[in-house]
Structure formats: structure tokens, C-alpha cells
Amino acid sequence: MCFHGPVSLIKKVLPFSSQGSSLLILGLDNAGKTTLTTRLAGILNGASKESTKEASEWTFKVNKSKLQLWDLNGELKNRQVWPDYYQKAKVLIFVIDSKDGVRLGEARCVLCDVLLHEELQKAPLLIISNKKDTIGSLPTSTVVDLMGLDRLEGREWAIKECSVETGDGIQEVADWITGKIKK
Ligand SMILES: Nc1nc2c(ncn2[C@@H]2O[C@H](COP(=O)(O)OP(=O)(O)O)[C@@H](O)[C@H]2O)c(=O)[nH]1
Ligand SMILES: [Mg+2]
């Protein structure tokens with residue numbers, strides 16, 4: 001007997017296991033999400049589980065408990081499946097390419113849409129202003145301004161500068177995650 005069909009269907013509808021916490025890594029394509037995930041795996045005992053064109057699943061060990069991490073594909077055509085992952089997300093990370101001022105407006109709209117989802121109402125949010133090693137990287141105050149972050153109401157949020165390529169700021173991101181998963 002073959003259960004492949006139904007099991008795949010259940011997995012698609014319920015991408016999370018019932019145990020542990022879940023973290024979503026979101027952002028536009030090319031922001032640095034996958035590079036960040038790989039870097040974090042080195043610090044937080046991460047192991048890659050499954051990868052599709054829409055999402056990569058990882059398991060991390062944080063504070064002796066299991067953390068499921070999902071690195072979601074940020075291309076426009078793949079963003080429509082993001083809500084499938086919102087149900088049990090405890091923590092959100094939104095990665096921004098700080099040298100791509102042209103796409104900050106798009107990033108703002110995408111983040112706005114994400115935060116409107118009821119399931120994510122209580123999830124703390126970390127914005128990562130990435131690619132700080134590049135010439136033309138925008139200062140954090142400009143990113144906060146252009147993303148409208150100071151207008152976020154009723155949401156626990158923080159912003160950190162990072163260069164996931166060089167590793168600068170990664171430890172602070174890992175510490176932030178560890179602090180949130182403790183709660
Ligand atoms: N200079 C620089 N390049 C980066 C940084 N982070 C990511 N990149 C590059 O940006 C491109 C997209 O990164 P990737 O992690 O695949 O982005 P994703 O589409 O959000 O998953 C790759 O060529 C990375 O090497 C960074 O902090 N600095
Ligand atoms: Mg990616």
C-alpha cells in the first residue's frame with residue numbers, strides 16, 4: 001500500500017510538527033535569507049531537513065529544545081505559499097538588503113502584508129538590515145524610516161545590522177533568537 005499522496009498532502013497543509021518552536025525567515029529574494037540560515041546553522045546546531053523551491057526546512061537546537069526553522073523563498077511567485085507557514089510561527093525574521101534602496105518600498109509592502117495575518121499577531125519580529133559590508137548600504141535610521149517601522153504598533157520588534165556574508169552581526173542574531181525561544 002502506498003501512503004505517499006496523503007502524507008505529502010498532510011505535510012503541505014500542516015508544515016509544522018506539534019512540538020517545539022518555529023521560526024520563519026522572510027524577505028524579498030536576494031536579501032540574504034539562505035546565507036543567513038546557513039550561518040545560523042553553524043552557531044545553533046542546525047541541520048537541513050528538506051528543501052523545495054518554496055521553502056527549506058531546518059532543525060536547530062536552542063536552549064535544549066527543538067527549533068524548526070523555515071527559510072522561505074522570497075520570489076513573487078513563491079510568496080503566495082507563505083501563509084501556509086504562519087500558523088505556528090513563534091518568531092519572525094525579515095531580512096532586508098540594505099544597499100537595495102529601490103526595493104525597500106516593495107519590502108515594506110510585503111512585510112505589511114505579513115504582519116496583517118492574525119496568526120502572527122504575537123510573534124516578535126527581528127528585521128535584519130543585511131549587506132552592511134557593501135558600498136551604498138543605507139544607515140539603519142533610513143531603513144527604519146523607509147520601512148515605516150516606527151509606525152508598528154502592538155508588536156515587539158527590533159532591527160539589527162548584519163553582513164551575513166562576512167559573519168558580522170550573526171552572533172547577535174543568534175543571541176536574539178535564543179532569547180526569544182527561552183520565553
Ligand atoms: N556583500 C554581501 N553579499 C551578500 C550578503 N548576504 C548575501 N549576499 C549575497 O546575496 C546573494 C543572495 O543571497 P541569498 O542568501 O541567496 O538570498 P535569498 O534569496 O534571500 O535567500 C548571494 O549572492 C549572496 O552571496 C552580505 O551580507 N553581503
Ligand atoms: Mg534563498
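**Exercise 1. Annotated sites**

Task: Find which residues UniProt marks as "binding site", and state how far apart they lie in space.

Solution:
- Step 1. Start with the record. The unreviewed UniProt entry places the feature "binding site" at Thr-34 and Thr-52.
- Step 2. Look at the sequence. The two positions are spread over 19 residues.
- Step 3. Look at the model, which is predicted. The sites cluster in space, with a largest C-alpha distance of 12.8 Å.
- Step 4. Place one of them. Thr-34 belongs to helix H2.

**Exercise 2. The shell around ligand 1**

Task: Describe the residues that surround ligand 1, and name the helix that gives the most to this shell.

Solution:
- Step 1. Count. The ligand has 16 residues around it.
- Step 2. Pick out the closest. They are Gly-32, Lys-33, Thr-34, Thr-35 and Glu-165.
- Step 3. Sort by class. Nine residues of the shell are polar, five are charged and two are nonpolar.
- Step 4. Find the main contributor. Helix H2, residues 33–43, gives the most, with three residues.

**Exercise 3. Two helices that meet**

Task: Work out how H2 and H5 are oriented to each other, and which residues meet.

Solution:
- Step 1. Recall the description. Two packed helices are described by the angle and the distance between their axes.
- Step 2. Take the values. The axes of H2 and H5 (residues 170–182) come within 10 Å and cross at roughly 70°.
- Step 3. Classify the angle. Angles of 65 to 115 degrees count as roughly perpendicular. H2 and H5 are therefore roughly perpendicular to each other.
- Step 4. List the residues. From H2 come Arg-39, Leu-40 and Ile-43; from H5 come Ile-170, Gln-171, Val-173 and Ala-174.
- Step 5. Sort this contact by class. It has five nonpolar residues, one polar and one charged.

**Exercise 4. The sheet**

Task: Give the strand order of the sheet, explain what marks its edges, and follow the pairing of S1, S3 and S4.

Solution:
- Step 1. Write the order. The open sheet has seven strands, S2-S3-S4-S1-S5-S6-S7, with mixed pairing.
- Step 2. Find the edges. S2 (47–51) and S7 (157–161) each have a single partner strand, so one side of each lacks a neighbour in the sheet.
- Step 3. Add the twist. It averages 20° from one strand to the next.
- Step 4. Check S1 (residues 21–27). It runs parallel to S5 (residues 91–97) over five bridges, and Ile-25 has Ile-93 as its bridge partner there. Five bridges also join S1 to S4 (residues 65–72), again in parallel. Here Ser-22 partners Gln-68.
- Step 5. Turn to S3 (residues 55–62). Eight bridges join S3 to S4, and these strands run antiparallel. Trp-58 stands opposite Leu-69.
- Step 6. Inspect the hairpin of S3 and S4. Two residues lie between the strands, and Asn-63 takes a positive phi near 50°.

Notes: Residues are numbered from 1 along each chain as its sequence is written. Chains are lettered from A and ligands numbered from 1 in the order in which they are written. This is a predicted model: local features need pLDDT of at least 70, side-chain atom pairs count only at pLDDT 80 or more; totals for chains, interfaces and linings use all residues. A residue is near a molecule or strand if its C-beta atom, placed from the backbone, lies within 6 Å of it. Helices (H or I, at least four residues) and strands (E, at least two) are DSSP runs, numbered from the N terminus. Ala, Val, Leu, Ile, Met, Phe, Trp, Tyr, Cys and Pro count as nonpolar, Asp, Glu, Lys and Arg as charged, and the others, Gly among them, as polar. Two strands pair if DSSP finds at least two bridges between them. Axes are lines fitted to C-alpha atoms, for helices over the stretch in contact, and angles run from 0 to 180 degrees between N-to-C directions. Angles under 35 degrees count as roughly parallel, over 145 as roughly antiparallel, 65 to 115 as roughly perpendicular and the rest as oblique. Two residues are in contact if their C-beta atoms, placed from the backbone, lie within 7 Å. UniProt positions are given in the numbering used here, feature names are shortened, and annotations may be inferred rather than shown by experiment.
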